[in-house]
Amino acid sequence: MDYTNQMQIIYDDGMLGLAGPRFHYIFGYERAGLESLVVDGKEWLYRVPQPTFWRATTDNDRGNQFNIKSAQWLAADYVAPCVDIDLTVDNHHYDQLPIAPVTNQFSNQTLAEQVEIKYTYQTVTIPQTTVTVTYHVVADGTITVRAHYQGKANLPELPVFGLRLIMPTPATGYTYQGLSGETYPDRMAGATKGQFEVAGMPVTPYLVPQECGMHMATDWVTVTRATTLNNADPDLSPLSLKFSALDKPFAFSCLPYTSSELENATHQEKLPPIHRTVLTIAGAVRGVGGIDSWGADVEPQYHLDAGQDHEVSFQITL
Amino acid sequence: MEASLKWLDDPTVFRVNQLPAHSDHQFFKNQEELEAGQSSYVQSLNGTWDFTFAKNPQVRPVNFWEVDADRSDFTTIEVPSEIELQNFAQINYINTLNPWSGKVYRRPAYSLGDDYEAAGSFSEGIDNTVGAYVRKFDLPIDWQGLDVHVMFEGVERAMYVWLNGHFIGYAEDSFTPSEFDLTPYLQNKNNVLAVEVFKHSTASWLEDQDMFRFSGIFRDVSLLALPASHVVDLKVDAPYDPANQQGQLGLALQLTNDADQVQVTLADPDGEPILETSLTANDQWQLPLHDLGMVQAWDNQQPVLYQLTLTVIKAGEVQEVIPQVVGFRQVMINDQAVLMLNGHRLVINGVNRHEWNCHRGRAIMYEDMLADLQTFHENNINAVRTCHYPDQLAWYDLCDRHGIYMMAENNLESHGTWQKMGAIEPSDNVPGSLPQWHDVVIDRARSNYELLKNHPAILFWSLGNESYAGDNIADMNAFYKEHDPSRLVHYEGVCHTPEYRDRISDFESWMYLPPTKVAEYLANNPDKPFIECEYMHSMGNSVGGLGSYNDLIDQYPQYCGGFIWDFIDQAIEVTDPVTGQKSMRYGGDFDDRHADYEFAGDGIMFANRQPKPAMQEVKYYYGLH
C-alpha cells in the first residue's frame, strides 16, 4: 500500500482512527478529543487535550482578588463539556458523525489525504461561551491544531487561554526556541532570544506553589520522554515530539502538574509525586503584575478581555 | 546600681551604663597586626555559652548571674544564634500586628495619656521569653591592666549584663552595638559574664518590623582591650567638588587619654602618601579641612578608596594603629530637585535587603554577604536600603569597597501603632510627638549616625520605616541635619502627614506608588525628588511591569529610581518529616498564630539564595541606567 499521499482511515462507531507508517491517531467521539497520539509505537497522550483557562493563583492574583473575580474560569478549566464534533474527510463534510450503519461500508483499506475534526467545547461560565479545537491531519501525520475562544461580553477577565496536553509519563526535558527563562507578557524584556534546553520539568519553587514556568514568544518546543506506560515496552530510548507555532509564536509551559494541582498545594513538598507531563500551549497569557501584592492590578495592556476572541495554533510534526 | 525589671516597661529607659555610640573603626596594636588583619586588642566571645530559657519573667532563674549561682540545670547555646531557631521558643512570622496580638492586651506606655504608664506590660508579660546566657573567660596576659569593654553587636531585644556578680548595664536597640565597660569588676581569670535577654520591652513597639520575630544574641560578641591612649571616636570629612575634582580631608578624633601625637597618613589608591601630618592635643585632635588637590571620586562604577592610617603614640610608643578607608564623593539635590552624585544625575537601581539566612535567620554569615554582593554585581544592582535596621558592620565595609550606594536605615518601625486593617489609625501611635518616646528614637538616630558616619557608601540616612510621623521623627531628621550636612535624609512615613513635609525628608517618597501616580507628582513642578524606597513587591511570581518605572527615569529627571522589595525571601528551610524533602517554611507553619503566612517571601532571590526567574528582568532594566 502506498502511503505517500494518503493515510489509512479507520472508521469506527465511537472514534476515528488515522494511521501512517510512523503514526496512529485516535479521535474520540465519546472521549471528545484526540485520545491517542502514537508516534513510532509510543503513546503521547494520557487524556484528551482540553482548553485551559486557569492559572494557579499567584500571590499578586490573591492580593488583587483576581482569583475571586475570575473564579468562574477555575471551573471552566476543570470541566469543559463537548457539545459538537464536526468531521470532514478530504472534501466530504459529514453532517452527522459517521457511525453504524454509515460506517458499515468501509474497510481496512480506506484511505484519505486529509482529515479535519473540530470539537466544540462549552465553558461552564455564566454566560456560557464556546471553544473550538480543530485538528487537521495530513497524510504524513502532521497535525495542525487550532483552538479558538469565542469572545463573550460579561465574562470576567481570563487568566490564560490555550490547550492543555497531558502526556502519560514525565518528560526528561524539553528544548525550545524563544526566550530565556520564565517569562510573562509584562516580564519578558530582560530575556534573551535563542534556543534553550531544559532538563526535566522545573517547577519554580515559589514559597507557595503558583503559576510558573511560562515561556512567551516561542517558535517551537520539543518535548522528550524516555518512558511509557505500556507494560510491554521496555525500551528506554528517548522519544521526542515537536510542537511548532503556526501563524505567530505561542507561549507554553511544560510542568509535571496541572494548574489545579499547583493551586491545591501550600508548599512545594505538598505537590504530588511526578507522574505526567502537562504541556500547556497558550495563545493568550495575562501579565503577572508587580506593583504590590495587596491590591494593585496588572497593568491594563496585560489583561485578557474575555469579550474578545483568542486563539492559539500550532503544528505537531513527527 | 541594681538592675530593674521595670525598665522593660519604661520607654524613657533604653540604655543604662551603655557606652556612647562611636565610629566603627578597627584598631590594631601595631602596623604588623594591621597588615595581618588580626587585632590583639579584640577577642571574640562567640562560641558555646551556658544557657537556659524561660517562658516569661516570672519563671526565669533570678540571680543566675551571681558568680556562685546554681546553674546545674543550664544547657548550652551557640552565640551568635536565634533562640527560636535553636528550638527553645516557638518561631513566628508576623507583619504589622504585634506578636502578642490576640494573646496579651497592650498599648504603648503614654500613648493613651501621660498617666498611662502601662506598668508591668512587659516585665510581667506572660509572653516575654527570657534567655539567660553565661560565658566564662580569662584575660589574655598582655591585657592585664588595660581597660576592657564588651561589645554585643546585636541582641534582640532588651539585655541586662553582669560581670562577676556586678551589674554592668542595660541596653535596647537590637541592631546597633551595645558596648559596656567591664574594667571595674574585671579579674585576670575566671570572669563570669552573664547576660539576660528579654524578647520584649517597650522597644518592641519600635521594632515591629515585617519579619520573623526572634530573640537572642544573634550577632558577634567581643571583648575589646583599650590601649592606654585610644581613639574612641573618629570622624572623617571627605568633601568632593566635582566642578574641579578637588577633594578635602578633615578629621576630628576623641581620645580616651591624651597621647603625644596621632600620626596621620592618607594614601592614594596606588598606596602613595598624599598627606602626612600629625595631630596633638594642641589642635584638639582635629584636622581642619585640608585641600588635597585633585582626587579620584568614589562611585558605583569605580569605588575608589583612599587609605587613611592613624598611629597613636604615647610616651614614644605606638599605642594603636587605625585603618580607615576614605571615599570622596558629593551627594546633593540640585536646584532643579534632581538627585546628583559627583555632579551627575544619580539613578538608584536598588533593593531592600533584610539580613537573612534560611538556616540561621538574621545571624547571617560573612559568606552570605559576599554572595549577595556577587548577585548585586551580576544583576546591575547598585544600591541597598538596610531595611529596617542597621546591618552587620561588615556589610558597610563591603559596600564601601564594592561601590554599593546605601540608604542606611534606623532601627525603627512602629507599624502596628498607626495602621490597622490597612487603614491609618494613629490613636496609639509611637513615637509620634510623645515626650516619653522622644529620647529613645533620637538615641537610635545617634547610634546609627555615630557608628556608621565614616562609610562613603552611605549616601542617605533613613529615619526608619512605616512609623507615621510626628515631632519625634522630625527631631530625628533635625539630628541628622545638624550632625551630617554631607548626606541626605529619607523618610517615607511622612507621606501620610503632609503637615510635617517641610521638616521631614529630603525626598518625596511613597512606597509602592504606581507609575501613573508617580508621574502625576513628577509632572507638577516637584520640589523634592521622588524615590521609591520600596517598589516592585516581588512576592511569588511577580516583577511584571518594571518597564513602566524605567520609563519614569527617562521622562523625569526628578525621578531617582528605587529599591525593589526585596532582595531575599524570608523562609526557613527544614526537612519535611513526611516526604523527607527539604521544605521552605513560612509563617503559620510552626503553629504560630497570628501569622502572616507567606507574606515575607518577597525576594528576587529565594531564601536559599537562588535567583528567582524575574532576576533577568531586574538585570535588564537595572542595566539601562
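These notebook entries record what I looked up in a predicted model.

**Entry 1. Domains of chain B**

I began with the domain assignment of chain B, which gives domain 1 (5-226), domain 2 (240-326) and domain 3 (342-568 + 603-622). I then turned to domain 2 and domain 3 of chain B, whose C-alpha centres I find 31 Å apart. Their contact draws 10 residues from domain 2 of chain B and 14 residues from domain 3 of chain B.

**Entry 2. The interface of domain 2 and domain 3**

I looked up the area buried between domain 2 and domain 3 of chain B and noted about 1000 Å², with carbon and sulfur atoms giving 60% of it. Which three residues supply more than any other three of the area that domain 2 of chain B buries against domain 3 of chain B? I recorded B:W298, B:N300 and B:V325, which supply 55%.

I next asked for polar links. The rule finds 0 salt bridges across this interface of domain 2 and domain 3 of chain B, whereas 4 residue pairs there are in polar contact. On the side of domain 2 of chain B that touches domain 3 of chain B, I noted 7 nonpolar residues, 2 polar and 1 charged.

**Entry 3. B:D554**

I located B:D554 in helix α8 (residues 546-555) of chain B. Is B:D554 buried or exposed? I class B:D554 as exposed, because its relative accessible area is 55% and the class begins over 50%. The side chain of B:D554 is joined to that of B:H625 by a polar contact of 2.7 Å. I also checked B:D554 against B:Q26: the two are 528 residues apart along the chain, and their C-alpha atoms are separated by 43 Å.

**Entry 4. Chain B against chain A**

I then examined the interface of the two chains, where 35 residues of chain B are in contact with 34 residues of chain A. The area buried between chain B and chain A is about 2700 Å², and carbon and sulfur atoms give 55% of it.

How many salt bridges are counted between chain B and chain A? I find 1 salt bridge. B:R585 forms a salt bridge with A:E269, and their closest N and O atoms are 3.1 Å apart. Across the interface of chain B and chain A, I noted 23 residue pairs in polar contact.

For the side of chain B that touches chain A, I listed α8, β38 (582-585) and α9 (615-622) of chain B as each supplying at least two residues. The largest share, 4 residues, comes from α9(B). I closed with the make-up of that side of chain B: 16 nonpolar residues, 13 polar and 6 charged.

Key
Residues numbered from 1 in each chain as written. Chains lettered and ligands numbered in written order. Predicted model: local features only at pLDDT ≥ 70, side-chain atom pairs only at ≥ 80, totals over all residues. Heavy atoms only, no water. Domains from an automatic or database assignment. Contact = heavy atoms within 4.5 Å. Buried area = accessible area lost by both parts, 1.4 Å probe. Salt bridge = Lys/Arg side-chain N within 4 Å of Asp/Glu carboxyl O. Polar contact = N/O pair within 3.5 Å; in protein donor to acceptor, adjacent residues only side chain to side chain. Nonpolar A, V, L, I, M, F, W, Y, C, P; charged D, E, K, R; others polar. Buried < 20%, exposed > 50% of the residue type's maximum accessible area, 1.4 Å probe, protein only.
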